[in-house]
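User: I have a structure open and want to know how its labels are earned. Can we go through them one by one?
Analyst: Yes. Here it is.

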Amino acid sequence: MFGKAKCKICSQNVRFALRHLRQRHPEILNDKDIVKLRMETVMKRYFILQ
């Protein structure tokens, strides 16, 4: 679905966005509002698609 992306939080290039959020920024996934969002919305909010 998505190729490489750049994290807006830490400027790191990532291939697996959900794994990156889980490992590097767990506080984001703990937010109850984020859990309700679609993956496309999460990608637009936290990543720059390359």
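User: Which residues of helix α1 are called buried, and what makes them so?
Analyst: This is a predicted model. In helix α1, residues 17-24, the buried ones are A17, H20 and L21. The label means under 20% relative accessible area.

User: Why are they said to line one face of the helix?
Analyst: Look down the axis of α1. Its buried residues fall within an arc of 95 degrees, so they line one face.

User: What makes R22 and Q23 exposed, and where do they sit?
Analyst: Exposed means over 50% relative accessible area. R22 and Q23 carry that label, on the face of α1 turned away from its buried side.

User: What do the buried residues of α1 pack against?
Analyst: Two helices, α2 (26-30) and α4 (39-46), and three strands, β1 (5-7), β2 (13-14) and β3 (47-49).

User: How are the elements ordered along the protein chain?
Analyst: The pattern reads β-β-α-α-α-α-β. That comes to four helices and three strands.

User: How do you know that the size of the protein chain agrees with a compact globule?
Analyst: Compare two values. A compact globule of 50 residues would have a radius of gyration near 10 Å. The protein chain has 10 Å, so the two agree.

User: How much of the protein chain counts as buried?
Analyst: Of its 50 residues, 26%.

User: What is the balance of charged side chains?
Analyst: The protein chain has 12 positive and 4 negative side chains. The centres of the two sets lie 9 Å apart.

Technical notes. Residues are numbered from 1 along each chain as its sequence is written. This is a predicted model: local features need pLDDT of at least 70, side-chain atom pairs count only at pLDDT 80 or more; totals for chains, interfaces and linings use all residues. Side-chain values use heavy atoms; hydrogens and water are left out. The radius of gyration is taken over C-alpha atoms; the globule rule is 2.2 Å times the number of residues to the power 0.38. Buried means under 20% relative accessible area, exposed over 50%, partly exposed in between (1.4 Å probe, protein chains only). Lys and Arg count as positive and Asp and Glu as negative; His and the chain ends are not counted. The place of a charge is taken as NZ of Lys, CZ of Arg, CG of Asp or CD of Glu. The arc is that of the directions from the helix axis to the C-beta atoms. Contact means heavy atoms within 4.5 Å.
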